[in-house]
Amino acid sequence: MKQKVMIGMSGGVDSSVAAMLLRDQGYAVTGVTLKLRPNEYMQENSCGGCCSLEDIDDARRVAYKLGIEHLVFNFTEVFQKTVMDYFADAYFHGKTPNPCIACNRHVKFDAMLRRAMELGFDYVATGHYASIRQREDGRYLLERVDSAKDQSYVLYNLTQFQLAHTLLPISGYEKAEIRRMAEEADLPVAHKADSQDICFIEDHDYASFLTRYTGKTTPPGDFVDEAGHVLGTHRGIAHYTIGQRKGLGIAFGQPMYVTGIDAEKNQVILGPAGSQYRSSLIAGDLNWISIPSLTSPRTVWAKVRYQAEPSQATVSPLKDGTVQVTFKEPQRSVTPGQAVVFYDGKTVVGGGTIL
């Protein structure tokens, strides 16, 4: 009997070609598109995200073209709780969340995988650019070091069970090859633009989303320097993130950067050029892939943002279950709420949330 694969189809070219590759490799493939946004957000497609009504229709058309079954699962409740609520709560507490990581962790590789197992599937699959390898002591997640499209950073939360039941069919291809294959197969999404932004927010306007979604606003407060001296008035902490220089709304006579956000005091902390760099950080909510746990200091390459270059660092366990990461070279815009992911060569060691 053919092994059964449930592939998440977002309506984009990557997951569409991934479904085609699985079909051609002899799997029994079912495409699944997840309805994630609440109804009042379903019409919003101008944000360039995924999972709009148009995306669901695109995925259905691709599945028909490929001759595979297509289903739509309503995961709105879990998406709201673990992604949208989490996103809003983080901003109200002065942090900058990564909703794509939360969605992968709680929706695609948890809720969708559990549904697949309940329905008798052997695997789930996605169109992520990363690799999974089986070794004697377990499964490993590997980055695409030769590719600008590596997405291992947003998959660091995968567990051994999830890795054992996940297929990443496009791991060996470049984006240009994916589009070429889609064109040759005459897939209706061959020239569809990639999703770029958060799927439930239009026009990068986080503050408007927070007000609309929660009914709350972040009130104006003080810009202060690192010594606590008041420099001016900010519009509300939701308008700012660590490392920001533009859009502060006030002139200081020299470039100033957001170096901290104190939600309790409703303060945005500013500093001159150079102050946006940090030599260390503390991270929690950790997940380890290539090791069972961290019991002693370890040299790694660490990424503090999706697009950041890895930097050599030492990660050390602390008594409270968090870790301290000390960088060989100071890193720009170390941002609470974002992920720090650790690598050993191409292998993802693990990662956590910057505190």
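## Helix α1 and its surroundings

In this predicted model, the buried residues of helix α1 are V13, D14, S15, S16, V17, A18, A19, M20, L21 and L22. Because 10 of the 12 residues of α1 are buried, the helix is largely enclosed by the rest of the structure. The elements against which these buried residues pack include the strands β1 (4–8), β2 (28–35), β4 (123–125) and β7 (166–167). The helices α2 (53–66) and α6 (175–184) also belong to this packing environment of α1.

The length of α1, which covers residues 13–24, agrees with expectation: at 1.5 Å a residue, its 12 residues should span 16 Å, and its end C-alpha atoms are 16 Å apart. Just after α1, G26 adopts a positive phi of about 100°.

## N104 in helix α4

N104 is a residue of helix α4. Its relative accessible area is 4%, under the 20% limit, and N104 is therefore classed as buried. A polar atom of the N104 side chain lies 3.1 Å from the backbone oxygen of V154.

When neighbours within four places in sequence are left aside, the residues in contact with N104 are F109, D110, H128, V154 and L155. V154 thus appears both in this list of contacts and as the residue whose backbone oxygen lies 3.1 Å from the polar side-chain atom of N104.

## The second largest pocket

The second largest pocket holds about 290 Å³ of space. It is lined by 19 residues, of which Y86, R105, D285, G337 and T353 are the closest to its centre. By character, the lining comprises 9 nonpolar, 7 polar and 3 charged residues.

Helices α3 (76–92) and α4 (99–118), together with strand β17 (347–354), each contribute at least two residues to the lining of this pocket. The element that gives the most to the lining is α4, with 4 residues.

## G253 in the loop between β9 and β10

G253 is located in the loop that runs between β9 (230–234) and β10 (256–262). Its relative accessibility is 84%, over the 50% limit, so G253 counts as exposed.

The position of G253 can also be described relative to Q338, which is 85 residues away along the chain. The C-alpha atoms of G253 and Q338 are separated by 30 Å.

Conventions. Residues are numbered from 1 along each chain as its sequence is written. This is a predicted model: local features need pLDDT of at least 70, side-chain atom pairs count only at pLDDT 80 or more; totals for chains, interfaces and linings use all residues. Side-chain values use heavy atoms; hydrogens and water are left out. Buried means under 20% relative accessible area, exposed over 50%, partly exposed in between (1.4 Å probe, protein chains only). On a 1 Å grid over the protein atoms alone, a cavity is a set of points where a 1.4 Å probe fits but cannot get out, and a pocket is an open set with protein on both sides within 12 Å along at least five of seven lines; lining residues have an atom within 4 Å of a point. Grid points are joined across faces, edges and corners, and a volume is the space filled by probe spheres set on the points. Ala, Val, Leu, Ile, Met, Phe, Trp, Tyr, Cys and Pro count as nonpolar, Asp, Glu, Lys and Arg as charged, and the others, Gly among them, as polar. The expected span of a helix is 1.5 Å times one less than its number of residues. Contact means heavy atoms within 4.5 Å. A polar contact is a pair of N or O atoms within 3.5 Å; within protein, one must be able to donate a hydrogen and the other to accept it, and residues adjacent in sequence count only if both atoms are side-chain atoms.
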